[in-house]
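Biologist: I am new to this structure and would like to go through it in short questions. Please show it to me before we start.

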Amino acid sequence: MEKAQRKADKRLGKADDDIEQLHRARKAFKRARYAAELVEPAASQMKSIARDAQAMQTLLGEHQDAVVAATFLGTTSADEDIRAGSAFTYGVLMANELNRAAEIRASVRN
């Protein structure tokens, strides 16, 4: 597409007032337009690919957050200074994070 646009610009620059050269420039611009119209659907497809990639990036980021949180909660619950009730709560929170990570992995596979 860019090559067609450059060629059209070049032909227009050479045309001056020459009717035949102006006509050739017109045809070159027509080809450039057609090339741009061919790229347009691909560009919208690329936008779709970008949106899908962003959604996947967000989902995988949530997975990473859940895994890191579960690791932190597991380490914290094992600390000697944590009371038994708190350790249980940390364990429940850790299980929730691990379940969330597993749900995300399952959704990525499907």
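Biologist: By about how much of the helix are E20 and R24 separated in helix α2?

Modeller: This is a predicted model, so every answer here is computed from predicted coordinates. Helix α2 covers residues 19-77, and E20 and R24 both lie in this helix. They are four residues apart, so the separation is about one helical turn.

Biologist: How far apart are the closest N and O atoms of E20 and R24?

Modeller: The two residues form a salt bridge. A salt bridge needs a side-chain nitrogen of Lys or Arg within 4 Å of a carboxyl oxygen of Asp or Glu. For E20 and R24, the closest N and O atoms are apart by 3.8 Å.

Biologist: Which class of exposure does E20 fall in, and which does R24?

Modeller: The class between buried and exposed runs from 20% to 50% relative accessible area. E20 has 42% relative accessibility and counts as partly exposed. R24, at 38%, also counts as partly exposed.

Biologist: Which residue meets R33 in a salt bridge?

Modeller: The partner is found in helix α2, four residues apart from R33, so about one helical turn separates the two. R33 is partly exposed, with a relative accessible area of 43%, and the partner is partly exposed at 41%. The N to O distance is 3.2 Å, and the partner is E37.

Biologist: How many residues apart in sequence are R100 and E62?

Modeller: R100 forms a salt bridge with E62, with the closest N and O atoms 2.7 Å apart. R100 lies in helix α3 and E62 in helix α2, so the pair ties together parts of the chain whose separation in sequence is 38 residues.

Biologist: Which residues are joined into one network with R100?

Modeller: R100 counts as partly exposed at 33% relative accessibility, and E62 counts as partly exposed at 35%. Salt bridges that share partners join R100 into one network with E62 and E103.

Biologist: How many salt bridges does the whole structure hold?

Modeller: Those discussed so far include E20 with R24, R33 with E37 and R100 with E62. A search of the whole structure gives a total of four.

Biologist: Which residues make the nonpolar surface patch?

Modeller: One member, V108, lies in helix α3, which spans residues 84-109. V108 counts as partly exposed because its relative accessibility is 34%. The patch covers about 220 Å², and its residues are M56, L60 and V108.

Biologist: What pattern does the protein follow along the sequence?

Modeller: The protein has three helices and zero strands. Read along the sequence, the pattern is α-α-α.

Biologist: What radius of gyration does the protein have?

Modeller: The C-alpha atoms fill a box of roughly 90 × 30 × 15 Å along the principal axes. A compact globule of 110 residues would have a radius of gyration near 13 Å, but the value for the protein is 30 Å.

Biologist: What share of the residues counts as buried?

Modeller: The accessible surface comes to about 8600 Å², with 56% of this area belonging to carbon and sulfur atoms. Buried means under 20% relative accessible area. Of the 110 residues, the share that counts as buried is 13%.

Biologist: Among contacts with a separation of 6 or more, what share comes from residues 24 or more positions apart?

Modeller: One pair with a wide sequence separation has been named: R100 and E62, 38 residues apart. For contacts in the protein with a separation of 6 or more, residues 24 or more positions apart account for 55%.

Notes. Residues numbered from 1 in each chain as written. Predicted model: local features only at pLDDT ≥ 70, side-chain atom pairs only at ≥ 80, totals over all residues. Heavy atoms only, no water. Patch = residues over 30% accessible without salt bridge, like charges linked within 9 Å, V, L, I, M, F, W, Y side chains within 5 Å. Areas by Shrake-Rupley, 256 points an atom, 1.4 Å probe, with all protein chains shown as cover. Buried < 20%, exposed > 50% of the residue type's maximum accessible area, 1.4 Å probe, protein only. Rg over C-alpha atoms; globule rule 2.2 N^0.38 Å. Contact = heavy atoms within 4.5 Å.
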